[in-house]
Amino acid sequence: MRREPKNPADPRAIAVYSERGVQMGYISAERAPRIGQLMRQHTITAIFQEATRYGAVIRVAFDDDVPILPPSKPQVPSEPDFYPDETWPDDFSQ
């Protein structure tokens, strides 16, 4: 995470980058002021948890702590999207 005080849209913006340096997005405007304050006071380590409809969920830990992901949810089998037609014999004389 990197603070962007020169961001013209929001001087409190915090960009989120991957480990390879690719920007993934921004911390929400509602959370950025508090996260920015914590970033000035602590070393922050973040880890990607999951993609969401509007962005992503990340887990954050401070100073020497390591962020921990929650246990993964069991996959529930879903109903198939379609049901194939029955197979009918080609010979109807039977």
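Visitor: Which residue in E5 is the bridge partner of Thr45?
Guide: Thr45 has Ala61 as its bridge partner in E5. Keep in mind that this is a predicted model: local features need pLDDT of at least 70, side-chain atom pairs count only at pLDDT 80 or more, and totals for chains, interfaces and linings use all residues. Residues are numbered from 1 along each chain as its sequence is written, and side-chain values use heavy atoms, with hydrogens and water left out.

Visitor: How many bridges join E4 to E5, and what makes two strands a pair?
Guide: Two strands pair if DSSP finds at least two bridges between them. Strand E4 (residues 44–52) and strand E5 (residues 55–62) are joined by eight, so they pair, and they run antiparallel. They form a hairpin with two residues between them.

Visitor: What do names like E4 and H1 stand for?
Guide: They are DSSP runs numbered from the N terminus: helices (H or I) have at least four residues, strands (E) at least two. The chain comes to one helix and five strands, in the order β-β-β-α-β-β from the N terminus on.

Visitor: What kind of sheet do E1, E2 and E3 form?
Guide: An open one, in the order E1-E2-E3, with antiparallel pairing. E1 and E3 are the edge strands, as each pairs on one side only. Two bridges join E1 to E2, and Arg2 stands opposite Ala15 in E2. Three bridges join E2 (residues 14–17) to E3 (residues 23–26), where Val16 stands opposite Gly25. E2 and E3 also form a hairpin, with five residues between them, and Gly21 in the turn has a positive phi of about 90 degrees.

Visitor: How do you know where Arg2 lies relative to Tyr17?
Guide: A charge sits over a ring if NZ of Lys or CZ of Arg is within 6 Å of the ring centre and within 35 degrees of the ring normal. Arg2 is 3.8 Å from the ring centre of Tyr17 and lies over its face.

Visitor: Why is Pro33 called partly exposed?
Guide: Buried means under 20% relative accessible area, exposed over 50%, and partly exposed in between (1.4 Å probe, protein chains only). Pro33 has 30% relative accessibility, so partly exposed is the right label. Pro33 belongs to helix H1 (residues 32–41). The C-alpha atoms of Pro33 and Pro11 are 9.7 Å apart, although 22 residues separate these prolines along the chain.

Visitor: Which residues of H1 are buried, and how do you know whether they share a face?
Guide: The buried ones are Ala32, Ile35, Gly36, Leu38 and Met39. Seen down the axis of H1, they fall within an arc of 165 degrees, so they line one face of the helix. That arc is taken from the directions from the helix axis to the C-beta atoms. On the other side of H1, Arg40 and Gln41 are exposed. The cover over the buried residues of H1 includes E1 (2–3), E2, E4 and E5.

Visitor: What share of the chain is buried?
Guide: Buried residues make up 16% of the 94 residues.

Definitions and conventions. Contact = heavy atoms within 4.5 Å.
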